[in-house]
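Work through the exercises below with the sequence and the structure open. Each task is followed by a solution in steps.

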Amino acid sequence: MPRLKPGDTPLSEEEDAAVAAGILADPDTIELDAEWFAGAQPAAQALPHIVEEYLRERENQTRERVHRNADGPHLPAQQLRDRVAGIGNSGGYPMANDPINLYDYEARAKLVLPHNNWEFIEAGSMDEFTTKRNRSAFEDLKLRPRFLRDVQERKISTTVLGQEISMPVMVAPAGSHMLAHPDGEVGTARGAGMSDTLMMLSTSSNYSMEEVSEAASGPLWFQLYHRGYSFTEMLVHRAEEAGFKAIVLTIDTPVASPKERDLRNRYKREHDLGNFRGMDADRSVISGTDETEGWDVSYAPPITWRELEWLRGLTSLPLVLKGVRTSEDAYEAVEHGVDGLLVSTHGGRQLDMTMGAIEMVPEVVEAARGRAEVYVDSGVRRGSDVIKALALGAKAVAIGRPLFWGLAIDGANGVHGVLELLREEVDRAMAFTGQSDVNALEPGVVQIPAGWGAFGGTTAP
Ligand SMILES: Cc1cc2nc3c(=O)[nH]c(=O)nc-3n(C[C@H](O)[C@H](O)[C@H](O)COP(=O)(O)O)c2cc1C
C-alpha cells in the first residue's frame, strides 16, 4: 500500500527513500508532532506554525524540486528542519535528524545530487580497486588502546608548515565544487574556515583563486597542475598575490584518467573553470587540468624532476608534492627541497591497482627523515583513521569526497558539519587510546599488519 502524504497523494518512490534516509520528515510523524508540540511542550508553542509551513511546502513540492532542485540541492525541508533544530528542540524531535557520521552525509548526498554528478564524485578509475583498498587498508590497521591515564585535557590542534589549524584534518583539493552546490569552492572555504582548518584549492576550481581567497577565513594552499611553463608561472604568481600559503604540486596525473562510470554516463563538465574565466588560453592546456576533460593521452606536457627544480626556483612559497607513494620518490623530493609530501592515491581516481595510500605512509615517513612534513589523503572517513595516520608519522590528513557530501547537503554549513563530526571522533579516539596531544602520539597506538613496509620499494640510501 502506498504511504499517503497530506492531501492523500501517494509518496513517490524517491520521496519514500528520502523519508527513509531522514532527509524528509515523514508527513504522518509531522502531524503527530504538531499535536505533541501544541500540548505536551509549552516551550515549543511557537513551533506549530513552522510545522504547518512545512506541510504546505510539502503539499506543493514536486519530485523535481525535492530531488533535482533546479536552484541547487538545498531542500526546503532541510531549511525548515534546521530552523526547528535551531529553536533548541532537536532532542527527540524527529525532524531534527542530523547526520551522525560521514556515511550519513554520503547517503543523503546521493539522494539530492543529479545522478551523473554523484557518479563523477564517487568514481574511482577502472575497477576502483584502489578506491576500495584505501578504505580496507585503514580497516586493517588496528588501534591499541592505553588506559589508566588522565586524558581529561586533549590537544588536537596542530600546525602544517607553520600554519595553525584547529585539528589535523584538512580539505583536499578537488575540482568543480559547483557539482555539489552553487556556492562551490567559496562555500567549501567558508566551511573550512568555520572549522578553523586549511583548504587546498584545486587548479580546476569553479570559482577563481582570487574569489575563494576573498571569501576564506582560514589558510589556503593552491594545488597546481603543471601544464607547461608559462601556464604554471601565471598560476603560481596569482596564488602568491592572492595570499595562498603554499603550492601543492600534484604529480600523480602524468596523463588524464577517465572514469568508466563517466564514460558510460557520457559525462560532460557543466561549470566553467574559474581560474581561466575569460582567458584566451589554449583549450587543450586548460582542459588538461580537469578530470572531466582532456582524456586524450597524447596531450601530456612533461612533468619531471627538472620541472620540479624549476618550480622550486620560481616561488619562495613552501612546496608540497601530492601523490607521492614510494620511498624512492619521497627521498628524491626531499633532496629537491620540497617541504611537504602528501601521500595520496588521488582517491583511487588515477592509477588503479595500487596499495591504499595509508599503506605507503610508513616508507614515505622513513624516507623523509623529518626533513619534510608528511600528510595523507584517500579514504579518511573516521576520527580513528586520523589517529592511525598520525601514529604512523603523518602530520595531518585531508578529505576529498566527504567535502562534496557536506556541500551537497548544506553548503558551507555542510562542509563545517562534516569537519566537526571528524573533530569529535578524533577527540574521542584520543581519549580511548590514552593520548592527550596529537603532536605526540605514541607509535604503539597502532598495530601495523604483518607484511606492511615489506613491499616493493628500496629504502632511501
Ligand atoms: C571529484 C573529485 C575531484 C578531484 N579533483 C582533484 C584535483 O583537481 N586536483 C587534485 O590534486 N586532486 C583532486 N582530487 C583528489 C583529492 O584531492 C583527494 O586526493 C582524494 O579525493 C582523497 O580521497 P577521498 O576522496 O577518499 O577522501 C579530486 C577528487 C575528487 C573526488
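**Exercise 1. Burial in a helix**

Which residues of helix 16 are buried? The model is a predicted one.

Solution.
- Step 1. Apply the cut-off: a residue is buried if 20 or more other C-beta atoms lie within 10 Å of its own.
- Step 2. In helix 16 the residues that pass are A357, I358, E359, M360, V361, E363, V364, V365, A367 and A368.
- Step 3. Ten of the twelve residues are thus buried, so helix 16 is largely enclosed by the rest of the structure.
- Step 4. Check E366, which also lies in helix 16. E366 has 16 other C-beta atoms within 10 Å and is therefore partly exposed.

**Exercise 2. Length of the helix**

Compare the expected span of helix 16 with the distance between its end C-alpha atoms.

Solution.
- Step 1. Helix 16 runs over residues 357–368, twelve residues in total.
- Step 2. The expected span is 1.5 Å times one less than the number of residues, which gives 16 Å for helix 16.
- Step 3. The end C-alpha atoms of helix 16 are 16 Å apart, so the two values agree.
- Step 4. Look just past the end: R369 follows helix 16 and has a positive phi, near 50°.

**Exercise 3. What surrounds the helix**

Find the elements against which the buried residues of helix 16 pack, then examine V364.

Solution.
- Step 1. The helices that the buried residues of helix 16 pack against are helix 8 (129–140), helix 15 (327–335) and helix 17 (383–391).
- Step 2. The strands in this packing are strand 10 (319–324), strand 11 (340–343) and strand 12 (373–377).
- Step 3. Leaving aside neighbours within four places in sequence, V364 is in contact with V324, S327, A330, L341, V343 and V374.
- Step 4. Place V364 in the largest nonpolar core, which has 107 residues: L341, V343, V361 and V364 touch the most other members. Helix 18 (residues 401–432) supplies the largest share of this core, 15 residues.

**Exercise 4. Positive phi outside glycine**

Decide whether E128 and S378 are buried or partly exposed.

Solution.
- Step 1. E128 is not a glycine, yet its phi is positive, near 60°. E128 sits in the loop between helix 7 (115–122) and helix 8.
- Step 2. E128 has 17 other C-beta atoms within 10 Å, so E128 is partly exposed.
- Step 3. S378, also not a glycine, has a positive phi of about 100°. S378 belongs to the loop between strand 12 and helix 17.
- Step 4. S378 has 32 C-beta neighbours inside 10 Å and therefore counts as buried.

**Exercise 5. The ligand shell**

Which residues come nearest to the ligand, and how does its shell divide by residue class?

Solution.
- Step 1. There are 23 residues around the ligand, and A172, A174, S202, G347 and G400 come nearest.
- Step 2. By class, the shell holds six nonpolar, twelve polar and five charged residues.

**Exercise 6. The whole chain**

Describe the protein chain by its elements, burial and contacts.

Solution.
- Step 1. The protein chain contains 18 helices and 14 strands.
- Step 2. Of its 461 residues, 49% are buried.
- Step 3. Among contacts between residues at least 6 apart in sequence, 71% join residues at least 24 apart.

Definitions and conventions: Residues numbered from 1 in each chain as written. Predicted model: local features only at pLDDT ≥ 70, side-chain atom pairs only at ≥ 80, totals over all residues. Near = placed C-beta within 6 Å. Nonpolar A, V, L, I, M, F, W, Y, C, P; charged D, E, K, R; others polar. Helix = DSSP H or I, 4+ residues; strand = E, 2+ residues; numbered from the N terminus. Contact = placed C-beta atoms within 7 Å. Core = buried A, V, L, I, M, F, W, Y, C linked by C-beta atoms within 7 Å.
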